[in-house]
Every structure is written in structure tokens, then in C-alpha cells.
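Here is a walk through one protein chain and the ligand that comes with it. Have a look at the model, then read on.

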Amino acid sequence: MKKLVVFGLGARGNIYATFAKTYPEKFDLTAVIENAADRLEYAKQNYPGAKLFSDYRDFLKADIKADIVAVATQDNDHREHAIAMMKAGYDLLLEKPIANNLQDCLDIYAASVKYGRKVIVCHVLRYTPFYSTVKRIIDEGKLGEVVTIHASENVGYYHQAHSFVRGPWRNKEESSPMILAKCCHDMDIIRYLIGEECISVNSYGGLYYFNKEHAPEGAAKYCSECKYTDCVYKAQTIYLSEKGKEFAAYFTTKEKTDENILSDLKHSPYDRCVYFSDNDVVDHEVTIMRFKNGKTACHTMTAFSQNIYRDLKVHGTKAELVGIIENNDIEIRYFDGRTEKIKVDISAATVGKHMGGDYFMMNSLFKTLNGEKAEGVTYLDVSIESHLMCFAAEESRLNGGDTRLIKK
Ligand SMILES: NC(=O)c1ccc[n+]([C@@H]2O[C@H](COP(=O)([O-])OP(=O)(O)OC[C@H]3O[C@@H](n4cnc5c(N)ncnc54)[C@H](O)[C@@H]3O)[C@@H](O)[C@H]2O)c1
């Protein structure tokens with residue numbers, strides 16, 4: 001059993017705490033560091049065995065033994081929190097992005113070297129049965145040599161409206177550029193599947209739609225006061241819908257009844273019209289990557305999809321592979337005419353999200369801490385590559401799609 005500390009008991013931190021509670025033979029939730037009073041109260045009720053701290057400095061003074069600290073505070077705070085923990089001698093499970101700007105990422109990396117600490121970044125896709133199976137198929141040589149990959153991340157219109165127009169990741173100064181916040185997973189997985197270093201990127205995209213130019217005549221600043229009741233982006237419609245309800249946790253800790261949601265939503269930042277928010281992150285972006293040996297990949301991020309899904313096409317010299325992670329289906333189309341269909345099983349994943357990624361990541365973390373070999377686990381030296389690709393893509397996008405070289 002390994003001692004786990006959760007630093008930031010928000011949506012992500014709570015998944016790690018829940019995993020520990022569900023599998024006490026693997027993790028003991030030794031402490032929680034959380035500065036919001038309601039979250040701390042939640043911790044008191046739900047994790048009575050954990051020591052609670054509202055300030056991480058008090059946690060450090062308490063000199064608590066732990067095998068790993070999960071840093072799950074917001075992007076902007078990762079530098080301060082990750083470095084403080086490493087300096088005190090803790091290894092980290094660090095939420096992605098490593099940090100929201102290049103310098104902070106490099107500082108965290110330098111600190112991990114200086115203090116000799118291990119940092120595993122939560123690139124959850126690596127641990128999903130879907131991408132693990134794709135990786136295995138590639139490694140077995142079933143596709144021949146992989147030459148190019150096409151991947152897309154379909155954010156979902158309602159998810160974009162919640163997270164990237166009204167919510168925590170809407171503004172790149174306050175959080176991160178979209179390519180980093182949303183697509184560092186994709187850059188990591190593309191790099192992992194291609195198996196070669198990325199040499200350069202070009203990126204194009206922008207904030208096309210969620211701005212005042214697209215507001216219909218007479219639209220109100222708050223959805224609760226707007227005459228356009230059939231707008232698909234209407235906050236009340238999104239947060240009362242089956243798929244949008246989970247996001248209500250961002251503005252209410254009450255039971256998720258329609259009445260509670262509507263009252264706590266009213267005039268909160270999440271009630272804002274999508275055309276009148278203070279968002280500046282992109283709603284569509286295409287990134288082209290060139291890898292060593294001339295291999296290529298293309299990634300599209302778009303807000304404009306009915307559902308949230310990622311699709312993948314891997315083109316090899318003997319076969320192509322297609323799949324959508326949310327369907328857990330993989331199809332290999334061999335050039336000799338055969339087709340192989342593979343159904344990926346994620347039924348073991350009882351905790352977390354990301355199509356089993358959270359659950360299998362925690363299992364891999366447990367194995368790694370026990371000194372066993374665990375599939376998918378990588379450390380900062382590898383994880384930082386995806387971030388370098390994202391920062392280079394952002395620079396390229398801001399410079400009209402100019403080629404940016406990746407310097408490691
Ligand atoms: N791995 C993934 O796929 C994935 C998915 C979503 C979010 N994330 C990342 O996870 C991180 C957390 O995201 P979230 O959605 O859980 O956010 P959140 O806002 O729900 O959680 C952050 C928590 O940290 C607490 N906190 C903030 N400052 C603190 C401080 N100084 N001391 C103690 N507690 C503090 C907040 O009160 C909050 O409870 C972000 O970096 C985000 O980008 C990763």
C-alpha cells in the first residue's frame with residue numbers, strides 16, 4: 001500500500017482520492033491539501049482518514065511521509081506547487097499541462113533534476129485500453145511501418161462553451177493556450193505512436209465563433225435573461241442536459257437538482273452568453289507535424305461537434321488502422337483485402353473518466369511505485385516533448401503558420 005497525498009481536491013484530485021478510497025490495498029490517502037472551504041469540508045466528510053491542510057506550507061511543516069503527491073491544482077499554480085513539493089523531497093503525479101508556459105515547464109524540469117525527483121505527468125490517454133492496444137498493434141508490426149497519422153479532437157459544442165468560453169480554460173493568460181490545455185495529450189499520443197522525435201510543426205487556427213460579432217441581435221449578457229430560448233449554447237439548456245450536468249459541479253456543490261442548478265447558475269460566470277465572455281482561446285486549430293525520417297502527422301482540434309470524441313487514423317505500409325476511442329472500436333484494413341475488427345474492453349475501469357485512462361493510470365502508478373514494470377509510464381523528460389510541440393504550434397499559429405522547429 002502506497003501513501004498518496006492529493007494537492008487540490010477539485011474535479012481531478014477527487015478522482016485520485018476516490019481511487020484510493022476504492023482500492024485501499026493500493027493507496028492510502030494520507031493527506032489532502034485544499035484551500036477552498038467547501039472542498040475541505042467535502043474531504044472531511046468523504047475521506048475521514050486523511051489529514052487535511054488548507055495551506056501547503058503547513059503540510060510541508062508537518063513533515064508527512066508519502067510515496068507520491070498528486071498535484072491537481074490549476075495550470076497557473078503548477079510551477080509553485082510542483083517545485084515546493086519536489087524541494088521537500090516528494091515525487092509527483094503532476095496534472096497536465098506541466099505548466100502553462102514554456103519557461104515554467106523548463107523550471108519544473110530543472111527542479112526535478114536538481115532535487116532528483118520523479119515526476120509522472122497525467123497523460124491519461126497513454127493508459128487507455130484503446131491507445132495501449134493501438135500501440136501494441138503498431139509494435140507488433142501489423143501495419144508495417146507507420147508513415148503518417150491523422151488524429152482529431154472533437155471537443156463538443158457544450159464542452160467548449162463550458163470549459164473554453166465560460167470556464168477555467170477560456171483565457172490563455174489565466175490558464176493555457178488551447179493547444180496546450182486540450183491537445184498536449186494528443187501531441188503526446190501522436191509522438192508515442194509514431195515513435196520518432198518531432199522535428200517541426202506548423203499550426204493554423206483561431207477564435208472564429210465565440211465573440212460578439214456572432215451575437216444575434218438583442219442577445220442578453222446572461223442566458224437567464226435572454227430572449228433566444230432555443231439557442232444551443234444557452235447555459236440553462238446545457239447544464240440541465242444529461243451530458244452537461246456533470247459540469248454544474250463548477251458552480252454548485254449542492255445536490256444536482258434542476259432547481260439548485262438553475263439558482264446557482266444565475267448570474268454566475270457560467271450564465272454568460274457565449275458571445276459576450278472574456279474568452280480568447282481558439283475554437284479550431286489544425287497542426288501539422290514533421291518527424292524524424294520524414295514521417296508526418298496532422299491534428300485537428302474543433303469545438304464544433306455534437307459529442308466529445310477523438311478519432312484516429314494510422315497509415316502504415318501494410319495496413320491502415322482507424323478508430324474512435326469513445327466507441328472502443330479499432331479496425332485494421334490490410335492491403336491484402338482482409339479487415340480485422342477489435343473491440344476494446346474497458347469494463348475493469350471502475351473509477352475515473354477518459355475511457356479507462358484515469359483508472360489504468362492509477363494502476364500503473366501503483367505498479368511503478370512498487371518497482372514493477374508498468375505500461376505507458378513515462379517521466380518528465382518524455383512528457384515535456386509534447387509540451388514543446390504545443391508551444392511551438394502556438395508560436396506558429398500566432399505567426400501565420402510559420403514553421404517552428406522543436407528544440408529539446
Ligand atoms: N489529465 C487530464 O486529462 C485533465 C483533465 C482535466 C483537467 N486537468 C488538469 O488538472 C488540473 C486541475 O483541474 P480540475 O478540473 O480538477 O480543476 P479544479 O478547479 O476542479 O480543481 C483545482 C482544485 O485545486 C484547489 N486549489 C487551488 N489553489 C490551491 C492552493 N493554493 N492550495 C490548495 N488547493 C488549491 C481548488 O480549490 C480546487 O479544488 C488542471 O491543471 C487541469 O488543466 C487534467
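How many Å separate the centres of domain 1 and domain 3? Taken over C-alpha atoms, the centres of domain 1 and domain 3 are 32 Å apart. A word on the ground rules: this is a predicted model, where local features need pLDDT of at least 70, side-chain atom pairs count only at pLDDT 80 or more, and totals for chains, interfaces and linings use all residues. Residues are numbered from 1 along each chain as its sequence is written, and side-chain values use heavy atoms, with hydrogens and water left out.

The domain assignment splits the protein chain into domain 1 (2–121), domain 2 (125–210 + 279–405) and domain 3 (212–271); such bounds come from an automatic or database domain assignment.

**Around the ligand**

Where does the ligand lie? Domain 1 and domain 2 both give residues to the shell around the ligand, so it lies between them. There are 27 residues around the ligand, and R12, E34, D75, E95 and H185 come nearest; a residue is near if one of its heavy atoms lies within 4 Å of the molecule. By class, the shell has eleven nonpolar, nine polar and seven charged residues. Here Ala, Val, Leu, Ile, Met, Phe, Trp, Tyr, Cys and Pro count as nonpolar, Asp, Glu, Lys and Arg as charged, and the others, Gly among them, as polar.

Some polar contacts (pairs of N or O atoms within 3.5 Å; within protein, one must be able to donate a hydrogen and the other to accept it, and residues adjacent in sequence count only if both atoms are side-chain atoms) are these:

| Residue | Protein atom | Ligand atom | Distance |
|---|---|---|---|
| N35 | backbone N or O | nitrogen | 3.2 Å |
| T73 | polar backbone atom | oxygen | 3.2 Å |
| H78 | polar side-chain atom | oxygen | 3.1 Å |

Taken alone, the ligand exposes 850 Å², and the protein buries 84% of that (areas from the Shrake-Rupley method with a 1.4 Å probe; for residues, only the protein chains shown count as cover). The elements giving two or more residues to the shell are α1 (11–22) and α4 (78–87). Helices (H or I, at least four residues) and strands (E, at least two) are DSSP runs, numbered from the N terminus.

**The six-stranded sheet**

One open sheet has six strands in the order β3-β2-β1-β4-β5-β6, with parallel pairing; two strands pair if DSSP finds at least two bridges between them. β3 (51–53) and β6 (119–121) stand at the edges with a single partner strand each, so one side of each is left without a neighbour in the sheet. Strand β5 (residues 92–94) pairs with β6 over three bridges, and L94 stands opposite V121 in β6.

After β5, the loop to α5 (102–114) holds P97, and the peptide bond from K96 to P97 is cis, with omega near -10°. D63 sits in the loop between α3 (56–62) and β4 (68–71); D63 isn't a glycine, yet has a positive phi of about 50°.

**The nine-stranded sheet**

Another open sheet runs β14-β13-β12-β11-β7-β10-β9-β8-β15, with mixed pairing. The edge strands, β14 (339–343) and β15 (404–405), each pair on one side only. Strand β7 (residues 146–154) pairs with strand β11 (residues 309–316) in the antiparallel sense over eight bridges. There, E153 stands opposite R310, and T148 faces H315. With strand β10 (residues 296–302), β7 pairs in the parallel sense over seven bridges, and the bridge partner of H150 is C298.
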